[in-house]
Amino acid sequence: MLIRPVRESDIESLHRNRLCGLTIEETAELVMSATDEEHGDESRFLVAVAQGGGVVGMTTVKRLKHRMCRHRAELGGFVILPVARGTGLARRIVDAASRHAGDWGCSILEVSCRGGTHAEKAYVGLGFQVWGQLPGGFHDHDGLVFDEVRLWMSLPTKTP
Ligand SMILES: CC(C)(COP(=O)(O)OP(=O)(O)OC[C@H]1O[C@@H](n2cnc3c(N)ncnc32)[C@H](O)[C@@H]1OP(=O)(O)O)[C@@H](O)C(=O)NCCC(=O)NCCS
């Protein structure tokens, strides 16, 4: 399994595997804007690619832009296909994202998820700590309401 920045050639696989939950046009737009943003910016759209070339996992990692938050980076859209869950891939993806964040000088990695889901337990299992919970912060499809749980982990500081 290879973890690398997304490429235009991943669009079809991302869409076919329903990783983004978007139409093919929206997926293409997302990938193209991510690759544009990566040029000169502190933002990556990472994909985990199986041997045949299919995308089985993804996350974005972005350095926060506010001047007081430049030491923080946040994961977004972290998803792994059910067939590849529980295999250690989540840890490899977080490690890859952490390396990018560390290279940008960040010392905090953040993520948020729906409270009470496997994702919350998985993030804690990966070493994140809960620092906040917003009751009813997420309104999902079908009227489902979840708390938004926000988590963080400390990143090793780089010696110059
Ligand atoms: C969230 C998601 C990416 C996590 O990936 P995953 O493969 O399910 O994660 P894992 O089961 O490997 O769990 C990660 C770690 O937490 C541990 N863990 C999982 N459940 C645990 C539990 N109940 N108690 C303690 N540790 C637990 C695992 O053992 C693993 O640690 P390891 O690498 O040392 O084995 C995946 O479940 C997913 O795509 N979910 C659907 C989309 C989603 O909800 N994304 C989050 C949006 S913010």
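These are my notebook entries on the ligand and the pockets of this structure.

**Basis.** I am working with a predicted model, in which local features need pLDDT of at least 70 and side-chain atom pairs count only at pLDDT 80 or more, while totals for chains, interfaces and linings use all residues. Residues are numbered from 1 along each chain as its sequence is written, and side-chain values use heavy atoms, with hydrogens and water left out.

**Around the ligand.** I looked up which residues are near the ligand, meaning that one of their heavy atoms lies within 4 Å of it, and I found 17 of them, the closest being F78, I80, G86, R91 and H118. By class, I noted nine nonpolar, four polar and four charged residues in this shell; here Ala, Val, Leu, Ile, Met, Phe, Trp, Tyr, Cys and Pro count as nonpolar, Asp, Glu, Lys and Arg as charged, and the others, Gly among them, as polar.

**Polar contacts.** I then looked for pairs of N or O atoms within 3.5 Å. A polar side-chain atom of H118 is 2.9 Å from an oxygen atom of the ligand, an N or O atom in the side chain of R85 is 3.4 Å from a ligand oxygen, and a polar backbone atom of A122 lies 3.3 Å from a ligand oxygen. Taken alone, the ligand exposes 940 Å², of which the protein buries 66%, by the Shrake-Rupley method with a 1.4 Å probe.

**The largest pocket.** I checked where the ligand sits, and the space it takes is the largest pocket; to sit there, more than half of its atoms must lie within 2 Å of the grid points. A pocket is an open set of points on a 1 Å grid over the protein atoms alone, where a 1.4 Å probe fits, with protein on both sides within 12 Å along at least five of seven lines, and its lining residues have an atom within 4 Å of a point. Two or more residues of the ligand shell come from each of β4 (72-80), α3 (89-103), β5 (108-114) and α4 (118-125), the helices (H or I, at least four residues) and strands (E, at least two) being DSSP runs numbered from the N terminus. I noted that α4 gives the largest share of the shell, six residues, whereas β4 gives the largest share of the pocket lining, also six residues. Of the 24 lining residues, F78, V79, H118, A119 and Y123 lie nearest the centre of the largest pocket.

**The second largest pocket.** I found 15 lining residues here, with L19, C20, G21, G77 and V79 nearest the centre, and β4 supplies the largest share, four residues.

Definitions and conventions: A polar contact is a pair of N or O atoms within 3.5 Å; within protein, one must be able to donate a hydrogen and the other to accept it, and residues adjacent in sequence count only if both atoms are side-chain atoms.
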